[in-house]
Each structure stands twice: as structure tokens, then as C-alpha cells.
Amino acid sequence: GCLAANCMDTCQETPLGPRCACYPGYQLTGDSRTCQDVDECALGIFCAQYCHNTPGSFTCSCRYPDFQLQDNRMTCKAKGSEMQIVYVIDKQIRYVTNSHSSLGVIYESPFLNFQVSGLDVDARKKCIYWSSDLTGNISRTCLNTKNTTDTVSKLVRPGKLALDWVTKNLYFVERNYVLKACNFELERCAIIATLSPSETVSSLAVDPIRRLMFWSTSISYGETKSVIKRADLSGSQMTVVLEPILQHIADLVLDSLHEMIYWLNTERREVLRMTYLGMNKQTIFASPDIPTKLGLFEHSVYWMVEGRTTTRRQHLGTYGNVWQCAVSGPSAWRCDVLKIHPRNTLSAPATFTIMQESLQEQGTSECVGQCSHLCVHAQSGVVCLCADGTKVAPGQLCEDSPMVTHPNFSTKVVQDSDGSSFIWMVFKVLMITFVFLPIVIVVIFVLRNDILNYFHSCISVTSKPVLPNIHFNNPAYGVTPSHVETVFHHSRLNPGEHQYENPITADNILDGTVSNITNETIEAAKKQKVIEFHVSDFDDDSGSLEYSEAVGESHRTPLIK
């Protein structure tokens, strides 16, 4: 029995004999008798940020001062303002908070064919950057000066972009294969790296704290192969992180704290991740829809999807086309559907990004007064770049190259698009309805006799009476007050003797005049939107969760199918 089993922790008697077991937080070793500590931190799903293994347990902590540990002791809550989702729909760039407590228009294009190629934000300054390959412009507007737009023009098909929020250099793709950077304050631009013309950069992200940049490129020769590369922010030390595979990478984002890359594979409709060094590649979610845009916040992944069928697109337009999926903490692997735009629209958001201060860890720029043209942070230190990408020593002047076309920087005041005109219109309607209109009614009521006399005087001057004579048979006419009692007879009802007739009677219901209240009526009134996915069967018009083996991992992770 258990006395002879020599178990380290506990023993259980079973029909097959004694079986050793361990206390919570420990697991049996190979001899099936001794117990060893379970390293919960190695699993990577319990703590959202920092994990500290202890004997039989673990503790979590958060990055100070941007986050604080929540009551569940595993996830971290971002400090500062509420998270905002910045998105593009129709001709507008809009924002909405996660709780929908605040929303509005950031920018409204005067053109009908408004198309955004790249979108990013400066979370601490509340500024939004976007590019348009149709107009050849990159623009910036800030929430505190929404009537002012700064623009860089004379660019050639600017595409994806990403902001280095430490130096304020904006990295972007030009002509699909040239990586450049511009600084709006300095009004200068420089080439970072020139790739092969056969490559098309499909996504771009920067990590200013680690001074790294990552991008994906696609090459199509009958079939599309994608690769993920990285370099420092000066374009040096370029290396391949993910070897070419049969996929199309729609977007990638960086988790600087854990040094992880998340990306979207539109061919297999998957969300994947790996380390900055290209290790531990893992598929964490799969989708029935086509993933198009990706974001990270706190302990969740946000990804925008596009339906493959008309019915599915209508379904996503009604209930939301952004999924929020937790990757750590008590709710790990649970997904919710987000409806970030009201239903009274015929289109769905086209792209989005997340704006909150904690997403952009504060750093110190070393570029002040260093370079004559453009200064960037490299892992080796400060690098000075000329417009054509030539690297010069700090303080050295750049030679003007005739082969380089300098972009144009401009600032213009645009029509206020924050919705204040609409609010003012609503205010005027309410004022007319509830203030001026009642005043007019009261005035007419008070002066009704004068108004009637005026109309009578106008009518009397006509040859024919416009209105016929109207006679009223008033029984009180000519009667003195003393005779009023004899003219008007009424019965007085004492309190409690008033009689009321119920218009809804049994006869009304029987003859169909009044409808019965049925269970269907009650259920229709109780309808509400369900935003949580649960494990269930799935067809083209609904979502469900099921578990599948992760790529390169021994533990099971969920896939959304």
C-alpha cells in the first residue's frame, strides 16, 4: 500500500495499487515518487508582464510606472487615459474609447476617394499620422489642434509607416521597397535603406527602446513568399528573422517588453508570434475570416478581419469586425467581438491602431544638436544621415545631391471636423423646440383676442364675408348671476365616488381589438448583443473556439475557427 510506496508528498490508493501525487505547484518526476517545482513562468500564460517563480507558486509584477497589477494578481492595468481605438472609415479618421464613453472625428477628407495606406500615433502628444499612396502625402494632426494638418508632399507612393516616438522620426515605405524617415519638426527626410525592386514591403514596425525596426516583404513568382527582416533604426545590421515561406503577411506588431513579434498570415488566416531572434514560432489563433490589421494592448491581441463571403461581411458589419483575444491571465485564450463603429453605416472600418501612453515607453533622445540633417538612434549610438542615406559624422555638413528630390512640408488649416458643427445644429434644434416654440405658443395664447380682433377687422373691410356667420346657442347668455343656479345643474361627486372606465376589457381582447402579450414579445424586448465566443459548432456566419496543437509547443492553445 501507500506505506511502502515511499511517496514524497501524498499517496492515493487505487485499484491498480498506490499512486503518488504532489501538492499544488509541484509535479512528479520520472521516478513517479518524488516531486519537483512547476515553473509557471516558463509556460508564459499566467503573468501578463513580469513573472517570478517561487517554490510551488509564482508572483507577477508590472512595468513601472506605466502599469499597475490588477486584483487578479496576474494582469496589468495601463495607467493614464483610457485606451482609444483610432480607425479609418469612409472619408474619416475617427476615435472611440474601449468603453464607448467617448468618440469623435479626428479628420475628415474633402475627397470622396480617401484612402489610407499607413496609420500610426504619438500616444503622449495625441497626434495621428497617416499616409496615402494616391496623393503622395503623409499627414499629421493632433487632437488638441484638429483644425491644423501638417503635410509632407511630393512623395512617391508612401505606404506603411511607424513612428519612433523617442526621436519623433517617422519611418515609412516609399515605392514599395525604399525605407525612409522624416521629421516633421525639423522638416527633413532621409533614406534609411533601399531594398530590391522585386520586393514589396507589406508591414513595418519600430521598437525605439531596443532601437530596432522590423518589416515584412513579399515576392511573387507564381506564388507569394514572405520574409520578415530586421535592422537597427539606421538601417544597419540587417538580418532575416523569418525565412521565406508560402504566406502573405498583412501586418506585424511588436511586444517590446517580451521582445516578441506578432504577425498575420492571410493565406492560412492565422495570428502567429515568435521572439525578436526568430525563435519559438507559434500559431496562437486561427480565424474563419481574413485578418487584415493587428494591435496589442495590455494582455490582449486585437485583430481586424474581413469576411470571405457577402453574408459573412454583412454579419461582421452588424456585430463587429475586430476581435480581442487575451493571451495571458485568467481569461487567456478567450475572445470577444468589438463593434468599434455604430451600426448606422453601410461600411466597416478599414484599418485601425491603438492609442494609449503605456504602449510607448518613455525614452531619452540623444539626437539634440548632433546632426546637420537627420539624426537616428542606432544600437551603436547616434547616426547622422543625409537626404540620400549617406552617413556622416556628427556635426558634418551633408552635400546636396542633385539625384534626390526633397519633399515639401506645409501646414494648413482645415475645416473643423470634430463634430462640433453637428452638436451646434442639434443644440439649435433643441432650443427652437423647447424654448422658442413654447414662448411663441404662450404669446399667441395670451394675445389671442387681439389677434382675432385684428383678423376680424381685416375681414370686415372685404365686400363679402370671408367666413360665414357662426351662431352659438349659449344657455347662459343674458342670464344674471343670481339665476346661474337655475340654468346649470350638475351633480357633485364626493371623493372616492369618481367613476373610470377601463378601455381594455375582456370583450376587447376576445374580439382582437387588443393584442395579447406573448412570450415572443417579451423575448424580443430582452434581446441583447452577445460579445463572447464560446465553444460551439461553427459555420460561415458564426464564431467558435476549439483547441488545437500549437506549432512548436507541447502545451495546447486555442484556435478560433
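## Briefing: strands, charges and rings in one chain

Let's start with a single residue: Trp333 has a relative accessible area of 8%, so this residue counts as buried. Trp333 belongs to a predicted model, and that's worth keeping in mind as you look around. The chain has eight helices and 38 strands, and the briefing below walks through the whole chain, the aromatic rings, the charged pairs and the annotated spans.

**The chain as a whole**

- Buried residues account for 41% of the chain's 561 residues.
- How much of the chain's accessible surface belongs to carbon and sulfur atoms? That share is 54%, out of a total of about 32,000 Å².
- Take the contacts between residues at least 6 apart in sequence: 44% of them join residues that are at least 24 apart.

**Aromatic rings around Phe285**

- A pair of aromatic rings gets described with two things, the distance of the centres and the angle of the planes.
- The count of aromatic pairs comes to nine.
- One of them is Phe285 with Trp303: the ring centres are 6.2 Å apart and the planes sit at 25°, so this pair is stacked.
- Those two come from distant parts of the chain, with Phe285 in strand E27 (residues 282–286) and Trp303 in strand E29 (residues 300–306), 18 residues apart.
- Are Phe285 and Trp303 buried or exposed? Both of them are buried.
- Phe285 also makes an edge-to-face pair with Trp333, at 5.7 Å from centre to centre and with 65° between the planes.
- Here the link spans 48 residues: Phe285 is in strand E27, while Trp333 is in the loop between strand E30 (322–326) and strand E31 (335–338).
- Phe285 counts as buried because its relative accessible area is 0%, and buried means under 20%.
- Put the ring pairs together and you get a cluster of Phe285, Trp303, Trp323 and Trp333.

**Salt bridges**

- Side chains with opposite charges can pair when their charged atoms come close.
- How many salt bridges does the structure hold? There are 13.
- Arg124 and Asp66 make one of these, and their closest N and O atoms are 3.7 Å apart.
- This pair connects distant parts of the chain, 58 residues apart: Arg124 is in the loop between strand E12 (118–122) and strand E13 (127–132), and Asp66 is in the loop between strand E6 (57–61) and strand E7 (67–69).
- Asp66 has 10% relative accessibility, so it counts as buried, whereas Arg124, at 34%, counts as partly exposed.
- Arg140 and Glu185 form a salt bridge as well, at 2.7 Å from N to O.
- Arg140 is in strand E14 (residues 137–142) and Glu185 is in the loop between strand E18 (178–183) and strand E19 (188–194), so you're looking at a link between distant parts of the chain, 45 residues apart.
- Arg140 counts as buried, at 10% relative accessibility.
- Next up are Arg210 and Glu259, whose closest N and O atoms are 2.9 Å apart in a salt bridge.
- Arg210 is in the loop between strand E20 (200–207) and strand E21 (212–220), and Glu259 is in the loop between strand E24 (249–255) and strand E25 (260–265), so the pair ties together parts 49 residues apart in sequence.
- Arg210 has a relative accessible area of 26%, which makes it partly exposed.
- Glu259 is partly exposed too, at 34% relative accessibility.
- Some salt bridges share partners: Arg63, Asp66, Arg124 and Glu361 are joined into one network that way.

**Annotated spans and one exposed residue**

- An unreviewed UniProt entry carries the annotation "domain: EGF-like" for residues 1–36, 40–77 and 366–399.
- Residues 40–77 are 11% helix and 39% strand, and their end C-alpha atoms lie 21 Å apart.
- Residues 366–399 are 0% helix and 35% strand, with end C-alpha atoms 23 Å apart.
- Where does Val368 lie? You'll find Val368 in the loop between strand E32 (351–355) and strand E33 (374–378).
- Val368 is exposed because its relative accessible area is 72%, and the cut-off for exposed is over 50%.
- Val368 and Thr167 are 201 residues apart along the chain, and 9.0 Å separates their C-alpha atoms.

Technical notes. Residues numbered from 1 in each chain as written. Predicted model: local features only at pLDDT ≥ 70, side-chain atom pairs only at ≥ 80, totals over all residues. Heavy atoms only, no water. UniProt positions renumbered as here; feature names shortened; annotations may be inferred. Helix = DSSP H or I, 4+ residues; strand = E, 2+ residues; numbered from the N terminus. Salt bridge = Lys/Arg side-chain N within 4 Å of Asp/Glu carboxyl O. Buried < 20%, exposed > 50% of the residue type's maximum accessible area, 1.4 Å probe, protein only. Contact = heavy atoms within 4.5 Å. Areas by Shrake-Rupley, 256 points an atom, 1.4 Å probe, with all protein chains shown as cover. Phe/Tyr/Trp six-rings, centres within 6.5 Å; stacked < 30°, edge-to-face > 60°.
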